[in-house]
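Me: Before I use this model, I want to go through the terms applied to it and see what stands behind each one. Please take the questions in turn.

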Amino acid sequence: MSQGTTTEELSSLATVTSSKLRTPPWKRRWFVILPFLLILLLFVIISIAPGLFAKHDPIYTELGQRLQPPGFVDPNGLTYIWGTDDLGRDIFSRVIHGARVSLIVAVSAVLVSGILGGILGMLAGFYRGVIGTVIMRLADILLSIPFLLLAILTVAVLGPDLINLVIVLGIVRWPRYARVAYSATLATVNRDFVKASEALGARSGRLLFRHILPELIPPLLVVATLEVGLMILFEASLSFIGLGVQPPDPSWGSMMATGRNYVASAWWIATFPGIAIFLIVLSINMIGDDVRDRLDPKNKRR
Amino acid sequence: MLYVVQRIAQALISLLGVATLIFFILRLTGDPVLLMVPQDSTAEEIAVMREALGLDQPLGLQYVEYLGQIFTGDLGRSYIQNAPVSDLIMDRLPYTIDLAMAAFILTVLIGIPIGMLAALYKGTWVERVCMPIILIGQSMPAFWTGILLIMLVSVQLKWLPSSGVDGLESLILPAITLASLSIATVARMTRSSILEQLGQDYVRTARSKGASTMRILFRHLLRNSSIPIITVLGLEFANLLGGSVITETIFAWPGLGQLTIQSISARDFPVIQAVVLLGASFYIIVNLLTDLIYGWVDPRIKLRRDAS
């Protein structure tokens, strides 16, 4: 076993060195991923400090200057580089502040569902028996409901607001993590180091959190990265149909719903938030793929 | 045979679970009557309403009745429109099926070939054209694809209508919009499963025997890589029906998705509940069918599962 690993490591080391010698930097993986990392970094900075970029109040309406095209300059000499929407709000500022809303919802939803799913999956894999069956069957049932419909139903009942949105996305998405945590736990409980620790008298809690949990982090992280992109899409989708972030708070999804109504007369309303969503989701998908390829080379590019 | 029975039993349990889940979600806020009655109703009116809807009975009894109704096909009456929910759904269902079928055909006709090309011509310009299509498709939300299509095709070029139902013409843009994400998913899956098979010995053997690329592709590769492709196609078809909520909103397409949105803003719970139940049942049934198709495409699976 250990010898096999050594040879494998050696051969992978050999390919790494030879590829370093031969491939020019612009063909290396980090170089391909670099622009996407930069875009993501930009969005993170924007959402931490939107005030640095947006000079207008994103929710201040000025009906006198509604539907102005990009580059519009108001009487006070202020420029609206991406134009204004149907209520005279600055599109640029709304896209910038929308990044914050979008990222906060997506990251919180991933945290809620990841922690919930991770713990439930781990418990199901560790205790198996009735607990395991109940948890995993529940996960199967949740996974068998089209996600958007379940989210729509829950938001419709609870009422749309930011906290509910996070709760709904979290509750609806935990089975994804639970399945990964479950199978990783099953693979880990029988490994020697866990058995040894158990033989030495470690209690369940110690086994779970000291030995099994660390093994679950990498696969869960891969799921989580890709889920952030999905959550951004779902938040935008729910906001687009009016069940997500409520006006006047800026959200890319609801901005695009407005833009749909003015698609023939004011193309800029939908275009800029659309580009923002596309760029951030693309970046997260590319980075997520890369993380997966690095952590789990067997499962390349599905 | 045992496998088939097992899978059907599993599907039934899932259906029951979904129905239960929906029942409890709808009662999550406490009293649904308070959501239904007009704002200025008296306590008496509320009580009458509660009794009329059978909501004054114990939760357990309500639940049993609810299950009984579902399994006899009675989905209740709409609170808002004075009609049985099943009639409302039947009015809308054909439109959604049209849309989903059209999108599914596009998915198969575009997604699978793109995935095959990207796999067969790995490392050439063909792959460098196909991969960005897949990556872009995966990162475009449906509403952005739809709005872009309207901007270009309807507003700029004036080729196709941007909304409504007016023959085949008005089906094209919604179908492309709905299919875009599925095309990317299916293409990606096709690519990876063919790439996996390309490294196998039997491909090399066939090639060394002088078989042409086309023959290897259709006689060997497609059959062996069909399982993951069928799975993803099945899931995508079920998703198309669910995903039509967004697409129907963009194109004012009068299907189930629009009905859902309208019932949500009217808080018409029996309709929402029925649509979700329908979508979920459909998803479960498609899943069941794909699993059964496996056994037919690849008999080894059935044997393995029967044995275990």
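**Terms and the values behind them**

Reply: To begin with chain B, 72% of the contacts between residues at least 6 apart in sequence join residues at least 24 apart. This is a predicted model.

Me: What is the corresponding share in chain A?

Reply: In chain A, 69% of the contacts between residues at least 6 apart in sequence link residues at least 24 apart.

Me: How do you know how confident the predictor is in chain B?

Reply: pLDDT is the predictor's confidence in each residue, on a scale from 0 to 100. Chain B has an average of 81, and 92% of its residues score at least 70. Among its elements, helix α5 (residues 85–120) of chain B has the highest mean, 89, and helix α14 (residues 299–307) of chain B the lowest, 55. For the complex, the predictor gives an ipTM of 0.81 and a pTM of 0.83.

Me: And in chain A, where is confidence lowest and where highest?

Reply: The mean for chain A is 81, with 89% of its residues at 70 or more. Confidence is lowest in helix α1 (residues 2–22) of chain A, at a mean of 51, and highest in helix α3 (residues 91–127) of chain A, at 90. Over residues 1–5 of chain A, pLDDT stays under 50, and the model has 0 contacts for them beyond four places in sequence.

Me: What are the two chains built from?

Reply: Chain A has 10 helices and 2 strands. Its elements, read from the N terminus, run α-α-β-β-α-α-α-α-α-α-α-α, so the strands come after two helices. Chain B has 14 helices and 0 strands. Its C-alpha atoms fill a box of roughly 85 × 60 × 30 Å along the principal axes.

Me: Why is Ser108(A) called partly exposed?

Reply: A residue is buried with 20 or more other C-beta atoms within 10 Å, and exposed with 12 or fewer. Ser108(A) has 18 within 10 Å, and is therefore partly exposed. Ser108(A) lies in helix α3 of chain A. Its C-alpha is 9.2 Å from that of Leu169(A), and the two residues are 61 apart in sequence.

Me: What makes Arg128(A) stand out in its backbone, and is it buried or partly exposed?

Reply: Arg128(A) has a positive phi of about 45° although it is not a glycine. It sits in the loop between α3 and α4 of chain A. Arg128(A) counts as partly exposed because 15 other C-beta atoms lie within 10 Å, which is between the two cut-offs.

Me: Where is Ala252(B), and why is it called partly exposed?

Reply: Ala252(B) is in the loop between α11 (226–251) and α12 (256–265) of chain B. It has 14 C-beta neighbours inside 10 Å, so it too falls between the cut-offs and is partly exposed. Ala252(B) is not a glycine, yet its phi is positive, at about 50°.

Me: How much of each chain counts as buried?

Reply: In chain A, 44% of the 302 residues count as buried. In chain B, the share is 38% of 308 residues.

Me: Which residues touch the most other members of the largest nonpolar core?

Reply: This core has 155 residues, and Ala151(A), Ile152(A) and Met231(A) touch the most other members. Its largest share, 16 residues, comes from α8(A). Leaving aside neighbours within four places in sequence, Ala151(A) is in contact with Val168(A), Leu169(A), Val172(A), Phe234(A) and Leu238(A).

Me: What describes the crossing of α3(A) and α6(A)?

Reply: α3(A) and helix α6 (residues 162–189) of chain A pack at an angle of about 35°, and their axes are 4 Å apart. The crossing is right-handed. The residues of this contact divide into 21 nonpolar, 9 polar and 3 charged.

Me: How many residues does each chain give to the contact between them?

Reply: Chain A gives 35 residues and chain B gives 41. On the side of chain A, α5(A) gives the most, with 9 residues. That side divides into 25 nonpolar, 6 polar and 4 charged residues.

Notes:
Residues are numbered from 1 along each chain as its sequence is written. Chains are lettered from A and ligands numbered from 1 in the order in which they are written. This is a predicted model: local features need pLDDT of at least 70, side-chain atom pairs count only at pLDDT 80 or more; totals for chains, interfaces and linings use all residues. Two residues are in contact if their C-beta atoms, placed from the backbone, lie within 7 Å. Ala, Val, Leu, Ile, Met, Phe, Trp, Tyr, Cys and Pro count as nonpolar, Asp, Glu, Lys and Arg as charged, and the others, Gly among them, as polar. Axes are lines fitted to C-alpha atoms, for helices over the stretch in contact, and angles run from 0 to 180 degrees between N-to-C directions. A crossing is left-handed if the near helix is turned anticlockwise from the far one by less than a right angle, and right-handed if clockwise. A nonpolar core is a set of buried Ala, Val, Leu, Ile, Met, Phe, Trp, Tyr and Cys residues joined through C-beta atoms within 7 Å.
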